[in-house]
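Good morning, colleagues. Please take a moment with the sequence and the structure, and then I shall take you through a few selected sites.

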Amino acid sequence: MTNSRRRRGLTVASALLGGVLVLSACSGGGDDASGSDGGKDTSQAKVDEAAAEKTSEAQIKITPKDGSDNASINNSAAVTVSKGTLTDVAMTTADGTAVSGEISADKTSWKPSVQLERSTTYKLTAEAKDADGRVAHENASFTTVSPTNSFIGTFTPDDGTTVGVGMPVSINFDKAITNKAAVQKGITVSSTSGQEVVCHWFNANRMDCRPDDYWQENSTVTLKLALDGVEGASGVYGVQQKTVTFKIGRNQVTYVDAKTKQMKITQDGKTVKTIPISAGAPDNKTYEGQMVISEKFKETRMNGATVGFTDDDGKGEYDIKDVPHAMRLTTSGTFVHGNYWGAKSIFGSVNTSHGCVGLSDTKGADDPNTPGAWFYNNSIIGDVVVVQNTGDKTVSPDNGLNGWNMSWADWKAGSEA
């Protein structure tokens, strides 16, 4: 039994000794261990190198940059790639609505094919491949400028129209402009006639542009709005990038003489027709001055109450729902229009209106042979009507499109160029 225990003790000792030997062998081979670790580092470097070789060289750029706000709605969104070609681009609004766009023929750029909306968050995802077919991805999200932080200008005349020689370019801004010089710098108006064109600020919201004298007939006028990103007021930016062209028609200027009660229509300086008229009565005289036709209505309603005429003030109330062949001369309500309710005898002999210029006409505006119909059919927006000898004041230059009543020196003084 003693021998058995002894043998068991030797066995344990041998095992322990073996453990020591094993431990000594592991820790004692210092140089071999270093060689083993070095082999591991080299292997990892090869893995990293292989991973680098698999990374696409295509470099995608998305504009505006991710997280942008107050982004422009004009030509701001774009995706480009260098060292590769685009394979897929998707643009959506925050609610997932797709925005159409096109990848360029050389597959190096993309842009939306529709106008972006204000106050909208857009998401862009893009994929590209390099020359070896390795794929790269990029994405971004941005929000466009809000109506509160942007301004637009409503302009006249419209693109592609033909207008008379007196038609100014008139722009009305939906926000008050305090940085007028910057905004005016972003607006150019030119003519094929070579006439100098100057813009004049009537107030913080309106700017009109015209030459010294009427436009040359048959010329072409171009308006360019380069207002995208222009700060018109503190924190308020333009969003328009637009080019507009319109034609100038024949040179027609009409002269209304309230004293003789005749209207003379001239084209290229020659009288083509004379029409008897009835201007404003002595108590309601017609403005004098150069006025531009800004609107035309075959029939329209004229209600005296909208311009201050009531029975209470002794000026006589009126409400005619079907005034024929009406053409607006002022914002305040001066028109040249047909008159079917007055006696035929008043035209050419007595001034009876509430301030408008009346021509003989028929109810229904369906007789082309009346003086009212003839003038309507032979006039276009932008034609000039010069009213004389009424005894009233000259119309204000900003009452309608009537800046011609301001001297050229005064007009230029209102420019911020």
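Let me begin with a question: does E196 count as buried, partly exposed or exposed? With a relative accessibility of 46%, E196 counts as partly exposed. I should say at once that this is a predicted model, and every value I quote is computed from it.

Some general figures will set the scene. The protein has 417 residues, of which 42% are buried. Its secondary structure consists of 5 helices and 28 strands. If we take the contacts between residues at least 6 apart in sequence, 64% of them join residues at least 24 apart.

I return to E196, which pairs with K412 in a salt bridge whose closest N and O atoms are 3.8 Å apart. This pair links distant parts of the chain: E196 is in the loop between β13 (187–191) and β14 (197–201), while K412 belongs to helix α5 (residues 408–413), 216 residues away. K412 is partly exposed as well, with a relative accessible area of 37%.

E196 also leads us to R210, since the two residues are in contact. R210 is part of strand β15, which covers residues 206–211. What is the nearest side chain of opposite charge to R210, and how far away is it? It is D212, at 4.8 Å, and R210 is buried yet has no salt bridge. The cut-off here is 4 Å between a side-chain nitrogen of Lys or Arg and a carboxyl oxygen of Asp or Glu, so a distance of 4.8 Å does not qualify.

The side chain of R210 does, however, have backbone oxygens beside its polar atoms. The backbone oxygen of M406 lies 3.0 Å from one such atom, and the backbone oxygen of G403 lies 3.4 Å from a polar atom of that side chain. Beyond its neighbours within four places in sequence, R210 has further contacts, among them P168, V197, V198 and W215, as well as W404, S407, W408 and W411.

I turn now to other salt bridges; a search of the whole structure finds 10. In one of them, the side chains of R250 and D383 meet at 2.8 Å, N to O. R250 sits in the loop between β19 (241–248) and β20 (252–257), and D383 in the loop between α4 (371–377) and β28 (384–388), so this pair too links distant parts of the chain, 133 residues apart. The partners differ in accessibility: R250 counts as partly exposed at 23%, whereas D383 is buried, with a relative accessible area of 1%.

A further bridge joins D322 and K363, at 2.6 Å from N to O. Because D322 lies in strand β25 and K363 in the loop between β27 (357–360) and α4, the pair ties together parts that are 41 residues apart in sequence. D322 counts as buried at 16% relative accessibility, while K363 counts as exposed at 52%. Salt bridges with shared partners also join D130, D132 and R134 into one network.

Finally, I come to the second largest pocket, which has a volume of about 230 Å³. It is lined by 16 residues, and those closest to its centre are H337, N339, W341, S353 and H354. Strands β25 (319–328) and β26 (335–339) each supply at least two residues of this lining. Strand β25 is also where D322 lies, which brings us back to the salt bridge between D322 and K363.

Note on methods:
Residues numbered from 1 in each chain as written. Predicted model: local features only at pLDDT ≥ 70, side-chain atom pairs only at ≥ 80, totals over all residues. Heavy atoms only, no water. Helix = DSSP H or I, 4+ residues; strand = E, 2+ residues; numbered from the N terminus. Buried < 20%, exposed > 50% of the residue type's maximum accessible area, 1.4 Å probe, protein only. Lys, Arg positive; Asp, Glu negative; His and termini not counted. Polar contact = N/O pair within 3.5 Å; in protein donor to acceptor, adjacent residues only side chain to side chain. Contact = heavy atoms within 4.5 Å. 1 Å grid on protein atoms, 1.4 Å probe; cavity = no way out; pocket = protein on both sides within 12 Å on 5 of 7 lines; lining within 4 Å. Points joined across faces, edges and corners; volume = space filled by probe spheres on them.
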